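User: Please examine the structure shown below and answer a series of questions about how its parts are arranged.

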Amino acid sequence: MVRNYIRKTKRQTWDANVMQTALNEIANGMPFKRASKIFNLPLTTLKRRAKGQNKLAKGNSKHLGRCISTLPEEIETSLKNYALEMEDRLFGLTKKDICKMAYQLAERNGIQHKFSRDKKAAGTAWFKEFLRRNPELSFRTPEATSAARARGFNKEAVAKFFYTLEEIMRVHNITDPMRIYNMDESGIQTVPSKVSKIVAHKGRKQVGFLTSAERGQNISIVLCLNATGQFIPPAIIFPRKRHNDLLYQGLPYGTLCLHNESGYMKSDTFVKFLEHFQKHCQSSVDKKVLLILDGHVTHQTVEAIEYCRSNGIIMLSFPPHCTHEMQPLDVAVFSPLMTYYNEELNLWLKANPGKIVTLYNVGPLFGKAYRRAATLNNGLSGFEKTGIFPYNPNILPDWKFKPSCTTDRPMVASTDHTMTTSNGDPLPTTNCEKNAESQREETPSSQLQKTWALNNEIKKEFSSGNSSDDVSIFDENESSVSIVSPSQNNLNENKKIVTPFDISPLPVAPPQSRSSRQSKGATVFTSSPNYLLAKERLSTRMKTSQATNIARKKLFSKTKANKKKRHEEDDAACIFCCELFSTSAAKEKWIK
């Protein structure tokens with residue numbers, strides 16, 4: 001099959017709308033010759049379309065050549081819809097899946113085909129033509145998404161966050177965008193996180209690119225900005241026990257320089273950042289600010305909550321596993337920042353051949369990338385796309401929540417986990433499961449009960465010759481076209497069409513008897529209930545630690561006594577001088 005065919009004639013270059021208008025005028029009594037001249041259409045083509053003599057193209061549709069698609073249009077459309085629905089649910093179909101599904105559809109519906117019966121799949125040529133006939137589809141490499149993220153990002157969690165955000169802004173009168181902040185941590189390394197494509201020798205199996213090491217050292221960075229797009233100076237955490245001024249050269253002006261053994265955010269490190277944040281935002285009990293951040297455990301300590309409550313900082317957390325769509329820094333800042341940082345790494349390696357990037361080179365490289373990424377437009381775009389400011393709780397389209405429909409299942413137990421507001425009113429809920437069921441009911445399996453014997457009849461026509469007794473049946477109100485003969489009328493009228501939704505239904509998790517752990521959702525860390533809960537957790541942790549230390553001391557003393565007793569039992573005396581082995585001089589040789 002020619003896949004890149006170039007047209008050599010001007011057949012069917014007419015406009016489809018013009019052809020439909022001409023056919024309507026002919027149906028109203030206009031002669032063929034007059035319609036051909038007025039609408040500038042070929043006379044013979046116009047006659048065949050009006051009389052229904054063209055068996056491959058009906059009405060104003062276009063079709064060149066004798067080759068037709070193996071699967072009817074209705075079944076192919078259902079296959080396209082099935083592929084898109086599975087992709088929305090993060091169960092995208094591969095090329096092999098599509099080709100196998102096409103074979104099963106042809107077999108289950110009794111369609112004559114030339115697919116491979118050994119592989120039980122359609123071929124590459126059919127697959128490429130299938131993509132060409134359906135421009136809504138594209139063949140892409142997906143990004144791995146965790147099951148927790150697919151399950152956690154749902155309408156209920158998002159609705160609760162926006163309701164809580166609106167309540168905070170209303171109660172504390174936070175209408176100024178300069179008082180709404182977002183803070184998040186990320187990590188950079190001494191090696192690029194992603195290598196761009198390069199121009200290389202054609203046919204070479206492996207192409208390399210120079211980096212400083214196989215695995216780099218991690219350095220944490222903390223960014224913070226408000227809804228007006230203004231950034232406060234960042235913070236950087238190096239994996240070092242002691243302070244070293246050489247590490248912090250070249251950083252943006254005002255950067256908070258921190259260090260610890262791991263290089264990650266810890267409880268005491270977060271309190272230091274809060275002091276840095278309060279110094280720049282100038283918050284107070286009378287002039288409170290809203291700090292939106294993720295729900296990491298280091299953000300929920302008693303020290304951090306007490307500092308925020310005494311300095312007018314309201315901490316609101318995003319729902320778990322939702323920051324990739326709801327956090328302004330994740331949506332608009334971190335991606336360009338990592339891209340620019342990787343570019344700076346590659347430029348440094350080219351400018352310094354034979355050397356590698358160390359922790360002492362990270363400061364200048366991060367400073368250059370930060371100045372390019374921390375722009376006003378990126379900051380404003382992040383808050384706007386997430387719907388935080390301007391406030392827009394409906395900013396996220398419905399298709400983004402489809403992955404959660406797989407696990408959106410009813411609870412069998414009588415325990416009611418319906419989320420409510422502070423007033424006891426239920427939050428807006430989603431009907432993902434009902435939508436999924438309705439989509440199944442509305443699939444081509446229930447809609448395509450019309451005749452679809454076009455392909456088989458046409459193939460018989462080409463193999464046995466055209467028959468002048470055939471009559472064309474075309475209903476403009478129906479989506480299917482069929483060609484039947486008087487002797488075979490209504491032969492396949494009641495035949496049910498098998499669709500991909502019948503062969504492999506959409507994945508839905510089975511009902512569960514109980515929930516293993518209730519998700520907290522969006523939480524105000526500085527609220528009184530959460531503050532008391534944090535103090536209770538701290539008290540419980542301290543009691544557990546004390547009990548553990550006591551048990552360890554008992555075990556250690558018992559082990560030490562056992563060792564001493566065993567040593568006394570194994571002690572022996574010299575047969576010549578009667579001196580004990582335990583009292584002998586160091587490095588003195590004994591013979592057993």
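Analyst: Helices here are DSSP runs of H or I with at least four residues, and they are numbered from the N terminus. The model is predicted.

User: Which residue with a positive phi follows α4?

Analyst: Helix α4 comprises residues 73–88. Beyond this helix the chain reaches a residue with a phi near 65 degrees, namely Leu90.

User: How far apart are the end C-alpha atoms of helix α4, and why does this agree with the expected span?

Analyst: The helix has 16 residues, and at 1.5 Å a residue it should span 22 Å. The distance in the model agrees with that expectation, because the end C-alpha atoms of α4 are apart by 23 Å.

User: How confident is the prediction over the protein chain, and where is the pLDDT below 50?

Analyst: The chain has an average pLDDT of 82, and 78% of its residues score at least 70. One stretch nevertheless has 125 contacts in the model beyond near neighbours in sequence, although its pLDDT is below 50; this is residues 411–493.

User: What percentage of the residues in the protein chain is buried?

Analyst: The chain contains 20 helices and eight strands. Among its contacts between residues at least 6 apart in sequence, 72% join residues at least 24 apart. Of the 592 residues, the buried share is 39%.

User: Which residues touch the most other members of the largest nonpolar core?

Analyst: This core has 51 residues. Elements that each supply at least two of them include the helices α8 (155–171), α13 (334–351) and α14 (359–373), as well as the strands β1 (180–189) and β5 (289–293). Another core, of 29 residues, lies apart from it and includes Cys224 and Phe525. Within the largest core, the residues touching the most other members are Phe161, Leu165, Ile180, Leu290, Met326, Leu337 and Phe366.

User: Which residues does Ile180 touch, not counting residues up to four places away in sequence?

Analyst: Ile180 belongs to the largest nonpolar core and is one of the residues there that touch the most other members. With residues up to four places away left out, its partners are Met169, Ile174, Leu225, Asn226, Ala227, Leu290, Ile292, Phe383, Ile388 and Phe389.

User: Why is β3 described as largely enclosed, and which of its residues are buried on each face?

Analyst: Five of the five residues of β3 are buried, so the strand is largely enclosed by the rest of the structure. In a regular strand the side chains alternate between the two faces of the sheet. Both faces of β3 are covered, with Ala235, Ile237 and Pro239 buried on one side and, on the other, Ile236 and Phe238.

User: Which strand pairs with β3 in the parallel sense?

Analyst: Strand β2 runs antiparallel to β3 and is joined to it by three bridges; in this pairing Ser220 has Ile237 of β3 as its bridge partner. The parallel pairing has five bridges, and here Ala235 stands opposite Leu256. The partner in the parallel sense is β4.

User: Is Val357 buried or exposed, and with which residues is Val357 in contact beyond four places in sequence?

Analyst: Val357 lies in the loop between α13 and α14. The cut-off for a buried residue is under 20% relative accessible area, and Val357 is buried because its value is 5%. Gln189 is 168 residues away in sequence, yet its C-alpha lies 9.5 Å from that of Val357. The contacts of Val357 beyond four places in sequence are Thr190, Ser212, Leu345, Trp348, Leu349 and Leu365.

Definitions and conventions:
Residues numbered from 1 in each chain as written. Predicted model: local features only at pLDDT ≥ 70, side-chain atom pairs only at ≥ 80, totals over all residues. Heavy atoms only, no water. Helix = DSSP H or I, 4+ residues; strand = E, 2+ residues; numbered from the N terminus. Expected span 1.5 Å × (residues − 1). Core = buried A, V, L, I, M, F, W, Y, C linked by side-chain atoms within 4.5 Å. Buried < 20%, exposed > 50% of the residue type's maximum accessible area, 1.4 Å probe, protein only. Contact = heavy atoms within 4.5 Å. Pairing = 2+ DSSP bridges. pLDDT = per-residue confidence, 0-100.
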